[in-house]
Amino acid sequence: MEALRGRQMGTIAKPLNDSKGCGEVMRVAPLALALYGQNISLAQTALLGAKAAAITHGHELGYIPAAALTFLIAELLNGISLEEAVRHISPLLISLFPMSENLNRLLMLMAEAQTLAHLNAPADKAFKLLGQGWVAEETLAISVYCALKYSNDFEKGVLTAVNHSGDSDSTGSVTGQILGAYLGFEAIPQKYIQPLELKEVIIKYTMDLTRGK
């Protein structure tokens, strides 16, 4: 990122670019972990997610999906069901970003993702409607669809999220974040955990972020 090499950081008010690539959505989950159990509202948590994303991604549909995912992870950590937490996203975003010119695009995709999951739509049909995941709003919508469709099966959810011709590593990552927060560490099959490089370090950092809670 040239902007960061120049020690400049974007903000929501003063964006550095018009990017809405999905990298910023992939990286905000640790923020929800770090704020878990703190004296901060879920709306503030979501807004911090947006601000973190806006450092590098200036488009509204770059940082607003990041706010949505930060909020979703925070809700799940607080014991809210996945279905309920997803339903809470749109009202929250409307309240946080009432003047957004692009929010409707994300809200439509989120509604479509929920409908497709509830109808148990085949993944190939869902991906055609939701996009390929190269941009943040599509990554979030695909991940929400996969997580809702396989809300009790971490492996199936993630495998579905990575089996398409788009930005599958990103959708797989975000789906894993959602289902991991919802189902917990024990739901991840050991065959994925055992060969993971630096798994002890990752677990330690996660525990540090959540302060052992």
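Here is a friendly conversation about how some helices and a pocket in this predicted model get their descriptions.

Colleague: Why are helix 5 and helix 6 called oblique to each other?

Modeller: Start with the angle: the axes of helix 5 (residues 60-77) and helix 6 (residues 82-96) cross at roughly 140 degrees. Angles over 145 count as roughly antiparallel and 65 to 115 as roughly perpendicular, with the rest oblique unless under 35. The value of roughly 140 degrees falls in the rest, so the two helices are oblique. Their axes also come within 9 Å, and the crossing is right-handed.

Colleague: How do you know that helix 5 and helix 6 meet, and which residues do it?

Modeller: Contact means heavy atoms within 4.5 Å. On the helix 5 side, the residues in contact include Ile 64, Phe 71 and Leu 72, and on the helix 6 side they include Leu 82, Val 86 and Ile 89. By class, this contact has 12 nonpolar residues, one polar and one charged. Glu 75 of helix 5 takes part, and Glu counts as charged. His 88 of helix 6 takes part too, and His counts as polar.

Colleague: What makes helix 10 roughly antiparallel to helix 11?

Modeller: The axes of helix 10 and helix 11 cross at roughly 160 degrees and come within 7 Å. Roughly antiparallel is used for angles over 145, so roughly 160 degrees earns helix 10 and helix 11 that name. This crossing is right-handed. Among the residues making the contact are Phe 154 and Val 158 of helix 10, with Gly 172, Gly 176 and Gly 180 of helix 11.

Colleague: Why does the contact of helix 10 with helix 11 have seven polar residues?

Modeller: Gly counts as polar here, and so the glycines named above go into that class. The full division is six nonpolar, seven polar and no charged.

Colleague: What makes helix 9 oblique to helix 11?

Modeller: The axes of helix 9 (residues 136-149) and helix 11 cross at roughly 50 degrees, coming within 8 Å. Roughly parallel needs an angle under 35, and roughly perpendicular begins at 65. Roughly 50 degrees fits neither, so helix 9 is oblique to helix 11. Helix 9 passes helix 11 in a right-handed crossing. The residues of this contact divide into seven nonpolar, five polar and no charged.

Colleague: How do you know which residues line the largest pocket, and how many there are?

Modeller: A lining residue has an atom within 4 Å of a pocket point, and 29 residues line the largest pocket. Those nearest its centre are Gly 180, Phe 185, Ile 188, Ile 202 and Thr 206. Helix 13 gives the largest share of the lining, six residues. By class, the lining has 19 nonpolar, seven polar and three charged residues. The volume of the largest pocket is about 1100 Å³.

Terms used. Residues are numbered from 1 along each chain as its sequence is written. This is a predicted model: local features need pLDDT of at least 70, side-chain atom pairs count only at pLDDT 80 or more; totals for chains, interfaces and linings use all residues. Side-chain values use heavy atoms; hydrogens and water are left out. Axes are lines fitted to C-alpha atoms, for helices over the stretch in contact, and angles run from 0 to 180 degrees between N-to-C directions. Helices (H or I, at least four residues) and strands (E, at least two) are DSSP runs, numbered from the N terminus. A crossing is left-handed if the near helix is turned anticlockwise from the far one by less than a right angle, and right-handed if clockwise. On a 1 Å grid over the protein atoms alone, a cavity is a set of points where a 1.4 Å probe fits but cannot get out, and a pocket is an open set with protein on both sides within 12 Å along at least five of seven lines; lining residues have an atom within 4 Å of a point. Grid points are joined across faces, edges and corners, and a volume is the space filled by probe spheres set on the points.
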